[in-house]
Amino acid sequence: MNKLKQAWRNNWVGYLFLSPWLIGVLTLSAIPMLASLYLSFTSYDMFTPPKFIGLDNYATMFQDAKWRDSLRVTSMYVFLGVPLQLIFALAIALFLNRGISGLKFYRAIYYVPSLFGGSVAIALLWRQLFGSKGLVNSFLTTLGFETKNWIASPDTALYTLIVLMIWQFGSPMVIFLAGLKQVPIELYEASKIDGASKWKQFSRVTLPLITPVVFFNLVMQIIGAFQAFTSAYIISGGSGGPLNSTLFYTLYLYQKGFTHFQMGYASAMAWFLLLFIACATAILFITSKKWVYYQE
Amino acid sequence: MSKMMKSLMLYALSIIMLVTVAACSSNTPNDAANTTSTPKATNQNDSNQQNDKKDNVEIRFTWWGDTTRNELYNAIVDRFEEEYPHIKVKREFGGWGDYWDRLTTQVAGGNAPDVVSMHQFYVSDYARRGALLDLSQVVDSGSLDLTNFPESAINSGRINDTLYMVPKGVTMPGWAYNTAVFDELGIDYPDMNWTWEDYAAKVTEIYEKSGGSLWGSVDGSGGQPQPNFRYFTRQHGQDLYTADGQIGFTEETLVKWWSMWDELRKKGAIPDAATGTEYENAPLEQNMFVTGLVAITQIPANQIYLYQQQFSEGEIRMVRMPTLTGGQNGEYIEGAYLSITEKSKHPEEAALFIDFFINSERSLELFKVEQGSPASTTMSEFVKPLLEPAQQRAVDFIQEVLPYATDAVYAPLGAAEIQQLFSDQASKIAFGQMSVEEAAKAFMTEAQAILQR
């Protein structure tokens, strides 16, 4: 008891400085989180008081074909888009790491899309680019290819969103660049003397040594991609169409909560997503022992 | 490096997780209530207000619309504040889609505006959940005067015999065309009382005579089931829903409806599925009719003048929704309405505001036919000489079609989901993923399941 008092006396200033953040976390995150956990066990239309229905929301979820669609679409977006984005980011990082002049400038320029890539304005721009009269099509016409209605065709709509994600390669690229700088130069010199080709150097020296960074990027981007919302919402006009092909999980959650007035169900969906992301992350952490190499 | 990396990652992860959950759970109503400030009315004492008009009161009014409408409504509210200096009106507005999302959140959070703009599509969601005030209270107290309103207009604001909303303006939907386009192609204008057969023939003729460069009309098979499909069901003596909240039409009607559109689509007379999808949510200035991709489109009459503004050549005219040979009239009254929310602290002042909005010359001389022809007979006479030709055509159209209107049932709970299902199934047909029969069968099964819940 006395110790506790002592600790408080020593630290209260620290807590005071922390308080804006603490209050924010409690009122804007922790309490709403607990509320949504409770709501996920209720039937709640936002007008009348919630009715406790146990696990019904979760049970309904697994029979909801549209929910399965949304999970499938999101998984596809994440597990196809994130690796492609990282490969692209790594390629650019490798290129920039060759000691070209004006590195700082290029690094800044390439980072910009990451900053506002998730914005409404960019999503609107994307809609224009890939529309039937968009820039992409006029470019294809000049080259003599067939044009297509990219965003409004069920078989291509999701890919336009994946391209949009890849385009936001800036933040993983910067982290890759930092990782590449950490690779000891002696290893390259040694491998060169041993007669290793450029590719061998990359696959045997660079890649193993940056696996921690790859891992970090993978985890961060996957978590981020599961929550993507704006691009699909804007590009499909809020519908997740055509034919649910861009029905991201978060978009369906939003529809359930705010257009269909099923906030209990939407809360259950949110908690399922949390668990799903947690599982995906846990699996990554478990497998990481097999492929992530830490120096020392 | 490894230790630092690991701890960095764990730290970053924990933050991400928190943010995730915060993002997901920001859907909870607590949040909305906490973050949106509730304006405190200067007077908290309700009981005194009715007697003492000098007390200062603040009410909030919200509407949907574009920039022009926002300027217009702001001007009307300014005039109201001049007339009633003790009432201050806070204004909130947004586009059609955002408007409803925000209103839902506000009502759920317990801080809804006092006077809200309402629409038939959505009123039952609010009324059936007890979010709207029974307006007969304020009509009885004399704050809201409906003596100049025809019975049919008042009834259009009733749900289960309770008056929840009063019309700002009454409008009727129909199909619009530009005379210049028809003249150029040498095609006769559609007839005011055309049938669905005439309609199909007309759009095919447009498509053929234009050499395939112009589609006949927009694809009306899906999207919102009203007004197009709803008219079709009503012409068959059915409706979207029955009075006791069940599906009101037969699978056969639905098959007939979707087959008609499917044939037109296969002929190329209406846009293909991908093009239709692309323009589905386009704003007026960019939609298929304004950009010259289709020759006929379905709009509410009050928008004629908005469309006219987009064309330098030709006149935008309207004809009735196509009729069914040997069928009944599909018409029912539509419009934009005003409601008072159940939790309003100042229902009498809110009623005074609505009364000013719909009954005073000072308001109507600005409103004209912004969201439809004024429902009050005195006021619709009053605005007549103030109208532009395109607005005049709208009023003429509404007055010609209005007598056909009969009562319409309001949607049950779950209608929003059924609307989504309808639109989903229609696009499955359009994209060739399902046959008309399969889609209709699946629709009936799933729709009944939604209503059973």
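Let's start in chain B, where Asn160(B) is found in the loop between strand S4 (158-159) and strand S5 (162-163). Strands here are DSSP runs of E with at least two residues, helices are runs of H or I with at least four residues, and both are numbered from the N terminus. Please note that this is a predicted model, in which local features need pLDDT of at least 70, side-chain atom pairs count only at pLDDT 80 or more, and totals for chains, interfaces and linings use all residues. Residues are numbered from 1 along each chain as its sequence is written, while chains are lettered from A and ligands numbered from 1 in the order in which they are written.

Is Asn160(B) buried or exposed? Asn160(B) is exposed, because it has 10 other C-beta atoms within 10 Å. (Exposed means 12 or fewer such atoms, buried 20 or more, and partly exposed in between, with C-beta atoms placed from the backbone.) The C-alpha atoms of Asn160(B) and Ala408(B) are separated by 12 Å, although the two residues are 248 apart along the chain.

Now to chain A, which has 13 helices and two strands. Its C-alpha atoms fill a box of roughly 75 × 75 × 35 Å along the principal axes. Of the 296 residues in chain A, 34% are buried.

Two of its helices can be set side by side:

| Helix | Buried residues | Citation |
|---|---|---|
| H7(A), residues 157-167 | Ala157(A), Leu158(A), Thr160(A), Leu161(A), Leu164(A), Met165(A) | |
| H8(A), residues 170-182 | Gly170(A), Pro172(A), Met173(A), Phe176(A), Leu177(A), Gly179(A) | |

Seen down the axis of H7(A), the buried residues fall within an arc of 160° (taken from the directions from the helix axis to the C-beta atoms), so they line one face of the helix. They pack against H3, helix H5 (120-129), H10 and helix H11 (230-235) of chain A.

The 13 residues of H8(A) should span 18 Å at 1.5 Å a residue, and the end C-alpha atoms are 19 Å apart, which agrees. (The expected span is 1.5 Å times one less than the number of residues.) The buried residues of H8(A) pack against helix H3 (65-96), helix H4 (103-116) and helix H10 (198-226) of chain A.

H4(A) and H8(A) pack at an angle of about 140°, with axes 7 Å apart. That makes H4(A) oblique to H8(A). Residues in this contact include Tyr110(A) of H4(A) and Val174(A) of H8(A); contact means C-beta atoms, placed from the backbone, within 7 Å.

Note on methods
Contact = placed C-beta atoms within 7 Å. Axes fitted to C-alpha atoms, helices over the stretch in contact; angles between N-to-C directions. Parallel < 35°, antiparallel > 145°, perpendicular 65-115°, else oblique.
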